[in-house]
Amino acid sequence: MPDSLSARRLSRRGLLAGGAATFALLMAGCGSDGDSAKPDASGSGGPWSFTDDRNEKVSAASRPTRVVAFTGTAAALVDFGLDKQIVGVFGETKRADGTADPQAGDLNVESVEILGNVWGEFSVEKYAALRPELLVTHMYDPGALWYVPDESKDKILPLAPSVAITTARVPMTTPIERYAQLAESLGADLSAKKVTDAKARFEAAAESVRQAVKANPGLKVMAASGSPDLFYVSNPKVSTDLMYFAELGVDIVVPTKLESGDYFEALSWENAGKFPADLILLDNRSTALQPKDLAAKPTWGQLPAVKANQVTPWDAVPRFSYAGAAPLLENLATAIRSAKKVS
């Protein structure tokens, strides 16, 4: 979810104006005849359509084969079986040492054009040269396309139709299912062993969380992110993964004084202990302070969960696929099982 720095960036993003983009392929109006089209038997030769979470139906004469996506989105589509259809990505893709960013999952980062590697970067020229047939990304707030820069969206969006999948205010299983539907419409085989094995692992991991909660009742869990000036406590009523964790029985701290967008409460470091917690899920992104950085904050060291060494990494922007989410659930179950009540 867009916590701390990313959420503040998100709050500054304007909503996409309805009908602002003139798409290269036909974009019909709202559709109520199902969320996605099944793959046609003739490969990419037949008509294609998909209704996204803006309730906009994107249609084309044939199935798109040149897809550009936010890196985490591309990785989710790869998990569901797409491959050569992904020709370009934007968002954190490569780390400084040239290795793949965790957000990239099993995406082959050497085989795609990287249009931008950080927030705000998106090469319109490289995008146009790719001859894109579809752009896909998350949608945290209605109409806002994740990592598509506001200052250049009017140049980007006319070049290809776009699909946005809701990734906030719904449990994590919802965007996972929606990306599965999109991948299937683009030609992925959801009955492939890779996909069914990942789903079975995800379901087993979800059950392991339920059992861990039952075995360790009363544990209070807080999802948080640290910056030099502020300590952010995330809201499980908005964050899609936290919402799902709560559905599995995890007792997650609910912040009370929310910032714009309701994603989190921003606390001064002097007030970092406002919410008692036995286990802290700590944002593990490069944009957030990590435990070694937080050691310099006296109030961080005074938190009961920190004193008890009950802090575990948290993927604040999860990969919305069964393969991407299963390890998150497994790690959560392990952390819950091994934690003790200290608050």
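**Entry 1: Arg131**

I began with Arg131 and asked how accessible it is in this predicted model. Arg131 counts as exposed, because its relative accessibility is 56% and the cut-off for exposed is over 50%. I then looked up where Arg131 sits, and found it in the loop between α3 (124-129) and β7. Its backbone caught my eye too: Arg131 is not a glycine, yet its phi is positive, about 50 degrees. I wrote a reminder to myself that most residues other than glycine have a negative phi.

**Entry 2: Asn55**

Next I went to Asn55, another residue that is not glycine and has a positive phi, near 65 degrees. I found Asn55 in the loop between β2 (48-51) and β3 (57-60). How accessible is Asn55? Its relative accessible area is 37%, so I noted Asn55 as partly exposed, since that class lies between the 20% and 50% cut-offs.

**Entry 3: The open sheet**

I turned to the strands and asked in which order they lie in the open sheet. The sheet has 5 strands with parallel pairing, and I wrote the order down as β6-β5-β4-β7-β8. Why does one side of β6 and of β8 lack a neighbour in the sheet? β6 (113-116) and β8 (162-166) are the edge strands, and each has a single partner strand, so one side of each stays free of a sheet neighbour. From one strand to the next, I found that the twist averages 25 degrees. For my own revision I added that strands of a sheet pair through backbone hydrogen bonds, either parallel or antiparallel.

**Entry 4: Walking across the pairs**

I started with β4 (residues 67-70) and β5 (residues 86-90), a parallel pair joined by 4 bridges. Here Phe70 stands opposite Phe90 of β5. On to β4 and β7, which also run parallel, with 3 bridges between them. In this pair I found Val68 opposite Leu135 of β7. Then came β7 and β8, a parallel pair with 5 bridges. Met139 faces Thr166 of β8 there.

Is β7 enclosed or open to the outside? I checked its residues and 6 of the 6 are buried, so β7 is largely enclosed by the rest of the structure.

**Entry 5: Helices on the sheet**

Which strands does helix α2 lie across? I saw α2 (residues 71-79) lying across β4, β5 and β7 (134-139), and its direction makes about 120 degrees with β4. Helix α5 (residues 173-185) packs on the sheet as well, where it touches β7 and β8. The direction of α5 is at about 155 degrees to that of β8.

I stayed with α2 and counted how much of it is covered: 9 of its 9 residues are buried. Among them are Thr71, Gly72, Leu77, Val78 and Asp79. What covers them? The cover includes β4, β5 and β7 from the strands, and α5, α6 (193-215) and α11 (322-338) from the helices. After α2 comes Gly81, and I noted its positive phi, near 120 degrees.

**Entry 6: Around β10**

I moved on to β10 (residues 230-234) and asked which strands it bridges to. β9 (residues 220-226) is joined to β10 by 3 bridges, and the two run antiparallel. They form a hairpin, with 3 residues between them. In this pair, Gly226 stands opposite Phe231 of β10.

β10 is also joined to β12 (residues 264-268), by 5 bridges and again antiparallel. I looked up the partner of Ser234 and found Phe264 in β12. Of the 5 residues of β10, 4 are buried, so I put β10 down as largely enclosed by the rest of the structure.

**Entry 7: The largest pocket**

Last, I asked how much space lies in the largest pocket, and the value is about 520 Å³. There are 23 residues lining it, and the closest to its centre are Asp101, Pro102, Gln103, Arg285 and Asp315. Which element gives the most to the lining? It is α11, with 5 residues; I had already met α11 as part of the cover over α2. Sorted by class, the lining has 10 nonpolar, 7 polar and 6 charged residues.

How values were computed. Residues are numbered from 1 along each chain as its sequence is written. This is a predicted model: local features need pLDDT of at least 70, side-chain atom pairs count only at pLDDT 80 or more; totals for chains, interfaces and linings use all residues. Side-chain values use heavy atoms; hydrogens and water are left out. Two strands pair if DSSP finds at least two bridges between them. Axes are lines fitted to C-alpha atoms, for helices over the stretch in contact, and angles run from 0 to 180 degrees between N-to-C directions. Contact means heavy atoms within 4.5 Å. Buried means under 20% relative accessible area, exposed over 50%, partly exposed in between (1.4 Å probe, protein chains only). On a 1 Å grid over the protein atoms alone, a cavity is a set of points where a 1.4 Å probe fits but cannot get out, and a pocket is an open set with protein on both sides within 12 Å along at least five of seven lines; lining residues have an atom within 4 Å of a point. Grid points are joined across faces, edges and corners, and a volume is the space filled by probe spheres set on the points. Ala, Val, Leu, Ile, Met, Phe, Trp, Tyr, Cys and Pro count as nonpolar, Asp, Glu, Lys and Arg as charged, and the others, Gly among them, as polar.
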